[in-house]
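Student: I have a model open and want to work through part of its packing. Can we take it step by step?

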Amino acid sequence: MESPICIVGATDLSLSPVRKIIHVDMDAFYASVEQRDDPSLRGRPVVVAWRGNRSVVCAASYEARPFGVRSAMPAVRAERLCPEAVFVPPDFTRYRTVSRQVREIMHRHTDLVEPLSLDEAYLDVTVNKLGLPSATDVAKAIREAIREELQLTASAGVAPNKFLAKLASDMRKPDGLFVIRPADIDTVLPPMPAARIPGIGKVTDKRLEQIGVRNIAQLRELTQGQLAQQFGRYGQRLYELARGIDEEPVVPDRPLQQVSAEDTFERDVPLAETEAAIRRLAEKAWAGTRKTQRIARTVVLKLKTADFRILTRSLTPPSPPSSVEEVTSIALSLRERVSGEEKTLYRLVGVGLSNFREQNSFDQQAAFVLE
């Protein structure tokens, strides 16, 4: 049975003088690898996570998702939602190996591959190596090779830019292909929720709701000046994305610079009540570093006050943090450096890891010290 393919519009991207961008997103990647390699897990709700009160879900199979289980949620909550779930500890070494195999398939078609994580990437196939007639054909070939060679499935979106390709890849998940052609941008975008636009999180979405914006059509009714007044520099980006404009190029081998996780409290809280959130966000940030072989050197704590002031504290220890416990400990120690703010209330807290370096740079440094 063929996987779902949906093409919007009548003009073939191969004949259009625009870029041809593909976003490939592996379906429930970590969980799918586990199900592929262990037949006993197939058809069962699989949750990739360490067990424990402070653990978070790295991935959930599609059998687990109807129960409300999602990545990044606390593992204990996932267990409550789906008591029959099979919990499998993550094996990032194996996932990285499979990810490299997926990248090799992509590179058969173009050298312009920009990985976003182990399980997704952008490709610029305006010109493709095999001379296939359209970007849609390239996307089909990549998905078929992943299925036949790796026994996994991937969803793909094809569009004239990265923003639209990312939206398209979500339209027919899992194991689907969706194409947005330039002529139909004004048909596809307006009905979508504004929250589908990258960068619109809970806080921004709530602010949009307060000014009567729930979908992209309503967002388009605001002028550049109105958006700039509400959202500053990001307002210009919102104005462009609402119209399907995105000039960002596909950048091959873009090195990871930072990973962060943040959360907005339901009510403003004093500094003393932020520990639980810091612990949870430190684990989320640490889990995010498992998507790369690069190593973070710096831990960052971010706080936003009730009057929207942003405070940051950071620390670069002599050796890179090597565990979630170490990241958590550093983040909590950074909180102690927020002096004179005891009576201040906070609306948001975040934990980040930055200053990433290649593994071999630390190996060489260690070798030098030993010598």
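The questions below cover a helix pair and a strand with its partners.

Student: How do the axes of α11 and α12 cross, oblique or perpendicular?
Tutor: This is a predicted model, so treat every value as computed from it. The axes of α11 (residues 275-289) and α12 (residues 324-335) come within 9 Å and cross at roughly 135°. Angles of 65 to 115 degrees count as roughly perpendicular, and those over 145 as roughly antiparallel. The two helices are therefore oblique.

Student: What is the hand of the crossing between α11 and α12?
Tutor: The angle alone does not settle this. As α11 passes α12, the crossing is right-handed.

Student: Which residue class has seven members in the contact of α11 with α12?
Tutor: On the α11 side, the contact uses Glu-275, Ile-278, Arg-279, Ala-282, Glu-283 and Trp-286. They meet Val-324, Val-327, Thr-328, Ala-331, Leu-332 and Arg-335 in α12. By class, four residues are charged, one is polar and seven are nonpolar.

Student: How many of the 13 residues of β13 are buried?
Tutor: Buried means under 20% relative accessible area. Strand β13 spans residues 345-357 and is largely enclosed by the rest of the structure, because the buried count is 10.

Student: Which residue in β13 stands opposite Gln-258?
Tutor: Strand β10 (residues 258-270) runs antiparallel to β13, joined by nine bridges. Within β13, the residue opposite Gln-258 is Ser-354.

Student: What is the bridge partner of Ile-295 in β13?
Tutor: Strand β11 (residues 295-305) also pairs with β13 in the antiparallel sense, over 10 bridges. The partner of Ile-295 in β13 is Arg-357.

Notes. Residues numbered from 1 in each chain as written. Predicted model: local features only at pLDDT ≥ 70, side-chain atom pairs only at ≥ 80, totals over all residues. Heavy atoms only, no water. Axes fitted to C-alpha atoms, helices over the stretch in contact; angles between N-to-C directions. Helix = DSSP H or I, 4+ residues; strand = E, 2+ residues; numbered from the N terminus. Parallel < 35°, antiparallel > 145°, perpendicular 65-115°, else oblique. Left-handed = near helix turned anticlockwise from the far one by under 90°. Contact = heavy atoms within 4.5 Å. Nonpolar A, V, L, I, M, F, W, Y, C, P; charged D, E, K, R; others polar. Buried < 20%, exposed > 50% of the residue type's maximum accessible area, 1.4 Å probe, protein only. Pairing = 2+ DSSP bridges.
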